[in-house]
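Hi everyone, and thanks for making time. I'd like to walk you through a structure that may be new to you. Let's bring it up on the screen.

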Amino acid sequence: MPSDQSHKMQLLWNMINEFINTYKNTISGRYDNKRIMNANLGKNSLSGGAKIKENFYRLYGEYKEGVRITEDYSNEDIQYAIKLHEGDGLAGFPSADVFTYLIAPKLADLKAPALDLVNETYGQLENISNQIVSRIFMRFPQMITEVMEIIVKALSRERENTLGI
């Protein structure tokens, strides 16, 4: 343990930089020998950003394959939407508002699963942070709680901004 204040600050700064680099590498999927050696992953296990990305693919894969936006609309419904939002536009060139009008109900169906995915993702980010902080600050257990409080506040603020709360 360093004895003077400047060396203590340098040690803390180095630990924070190690956290930041490891966190970024974990999320982006970059190879990090320290992360690999300290992770107890099975051969086929995903971690970090790969797991988050898989969750996005799982959610939107279900909708990509199973939802046909126009299947609930008859030709008359589409013609009505075109007439409703035609305005003073050129004939034969429907307004983008027609598309918005027709797709808005389908997009509303995706809102709840998307919000669940955002919350799940932030939980995974917090878990990743906790694992990294626990390893880096292992020599200073009292710092783990302090650092995690700062990280959780930052993640919560970003989640609130994302959700518009």
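Let me begin with one residue, N55. If we set aside its neighbours within four places in sequence, N55 touches L117, E120 and Q124. Where does N55 sit? You'll find N55 in helix 3, which covers residues 48–66. Is N55 buried or exposed? Its relative accessible area is 7%, and the cut-off for buried is under 20%, so N55 counts as buried. The side chain of N55 also has a polar partner: it makes a polar contact of 2.9 Å with the side chain of R58.

Before we go further, please keep in mind that this is a predicted model.

Now let's step back to the whole chain. There are six helices and zero strands, so reading from the N terminus the order is simply α-α-α-α-α-α. The chain has 165 residues, and 23% of them count as buried. About 12100 Å² of the chain is exposed, with carbon and sulfur atoms supplying 55% of that area. And here is one for the contact fans: of the contacts with a separation of 6 or more, 65% are between residues 24 or more positions apart.

Next, let's look at how some of the helices meet, using helix 5 as our guide. Helix 5 spans residues 96–136.

We can start with helix 4, residues 75–84. The axes of helix 4 and helix 5 come within 8 Å of each other and cross at roughly 135°. That angle makes helix 4 oblique to helix 5. The crossing of this pair is right-handed. On the helix 4 side, the residues involved are I78, Y80, A81, I82 and L84, and they meet V98, Y101 and L102 in helix 5.

Now for helix 1, residues 5–28. Its axis and that of helix 5 come within 10 Å and cross at roughly 140°. Helix 1 and helix 5 are therefore oblique to each other, and their crossing is right-handed. Helix 1 brings residues including M15, F19, Y23 and I27 to this contact, while helix 5 brings residues including L125, I128, I132 and I136.

Our last partner is helix 6, residues 141–163. What angle do helix 5 and helix 6 make? Their axes cross at roughly 160° and come within 10 Å. Angles over 145 degrees count as roughly antiparallel, and that makes helix 5 roughly antiparallel to helix 6. Helix 5 passes helix 6 in a right-handed crossing. Among the residues in contact here are L115, V118, Y122 and V133 of helix 5, with I144, V147, I151 and L155 of helix 6 among their counterparts.

Let me finish with F137, in the loop between helix 5 and helix 6. How much of F137 is accessible? Its relative accessible area is 1%, so F137 is buried. Which residues does F137 touch, beyond its neighbours within four places in sequence? They are L12, M15, I16, M143, I144 and V147. Take L12 from that group: L12 and F137 are 125 residues apart in sequence, and their C-alpha atoms are 9.3 Å apart in space. You may also recognise M15 from the contact between helix 1 and helix 5, and I144 and V147 from the contact between helix 5 and helix 6.

That's my tour, and thank you for listening!

How values were computed: Residues are numbered from 1 along each chain as its sequence is written. This is a predicted model: local features need pLDDT of at least 70, side-chain atom pairs count only at pLDDT 80 or more; totals for chains, interfaces and linings use all residues. Side-chain values use heavy atoms; hydrogens and water are left out. Helices (H or I, at least four residues) and strands (E, at least two) are DSSP runs, numbered from the N terminus. Buried means under 20% relative accessible area, exposed over 50%, partly exposed in between (1.4 Å probe, protein chains only). Contact means heavy atoms within 4.5 Å. Accessible areas come from the Shrake-Rupley method with a 1.4 Å probe; for residues, only the protein chains shown count as cover. A polar contact is a pair of N or O atoms within 3.5 Å; within protein, one must be able to donate a hydrogen and the other to accept it, and residues adjacent in sequence count only if both atoms are side-chain atoms. Axes are lines fitted to C-alpha atoms, for helices over the stretch in contact, and angles run from 0 to 180 degrees between N-to-C directions. Angles under 35 degrees count as roughly parallel, over 145 as roughly antiparallel, 65 to 115 as roughly perpendicular and the rest as oblique. A crossing is left-handed if the near helix is turned anticlockwise from the far one by less than a right angle, and right-handed if clockwise.
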